[in-house]
Amino acid sequence: MARSLRSQGKKRFRAIKRENVFKPVEDSRLARLAEAQAKAAEKPKIGNHMEEEQSETVSMDTTDETKKISTSGARNKKVARKLAKKKAKKANKPKSLKKLL
């Protein structure tokens, strides 16, 4: 019969494997990534920061002048067209039939 994953023997084997096989690999990877990150932090940043600041101020000025777009109002959806058609039909109908009789 097969042993379950919760059996003590399998738990012990996984714990040993985690410490002896996977932990050194994970530690070396972590050290390598930390070293690469430290090197990247030491490098000077590329680009002229003054030009970026000027372009940001120009873009801010243009946003005030842009035309506002309305997001409310009728949409060309099937339901909206049906409602409009229903309202138009209702407007053309006589108010009550009793008055006509």
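This is a chat about the helices, surface and charges of one predicted model.

User: What kind of model is this, and how are residues numbered?
Analyst: The model is predicted, so local features need pLDDT of at least 70 and side-chain atom pairs count only at pLDDT 80 or more, while totals for chains, interfaces and linings use all residues. Residues are numbered from 1 along each chain as its sequence is written, and side-chain values use heavy atoms, with hydrogens and water left out.

User: How many helices and strands are there?
Analyst: The protein chain has four helices and zero strands, where helices (H or I, at least four residues) and strands (E, at least two) are DSSP runs numbered from the N terminus.

User: How much of the chain is buried?
Analyst: Of the 101 residues in the protein chain, 1% are buried, where buried means under 20% relative accessible area, exposed means over 50% and partly exposed lies in between (1.4 Å probe, protein chains only).

User: And what about α3, is it covered or hardly covered?
Analyst: Helix α3 is hardly covered, with zero buried residues among its 15 residues.

User: Switching topic, how many salt bridges are there?
Analyst: The count comes to one salt bridge, defined as a side-chain nitrogen of Lys or Arg within 4 Å of a carboxyl oxygen of Asp or Glu. Glu35 pairs with Lys39, and their closest N and O atoms are 3.7 Å apart.

User: Where do Glu35 and Lys39 lie?
Analyst: Both Glu35 and Lys39 are in helix α1, four residues apart, which is about one turn of the helix. An α-helix has 3.6 residues a turn, so residues three or four places apart point the same way.

User: Is Glu35 buried or partly exposed?
Analyst: Glu35 is partly exposed, its relative accessible area being 48%.

User: Which residues gather in the patch of positive charge?
Analyst: Arg3, Arg6, Lys10, Lys11, Arg12, Arg14 and Arg18 gather there on the surface; such a patch takes residues with over 30% relative accessible area and no salt bridge, joining like charges within 9 Å.

User: Where is Arg6 found?
Analyst: Arg6 sits in the segment before α1 (8–42), and Arg6 is exposed, with a relative accessible area of 69%.

Terms used:
Patches are made of residues with over 30% relative accessible area and no salt bridge: like charges are joined within 9 Å, nonpolar side chains (Val, Leu, Ile, Met, Phe, Trp, Tyr) within 5 Å. Accessible areas come from the Shrake-Rupley method with a 1.4 Å probe; for residues, only the protein chains shown count as cover. Lys and Arg count as positive and Asp and Glu as negative; His and the chain ends are not counted. The place of a charge is taken as NZ of Lys, CZ of Arg, CG of Asp or CD of Glu.
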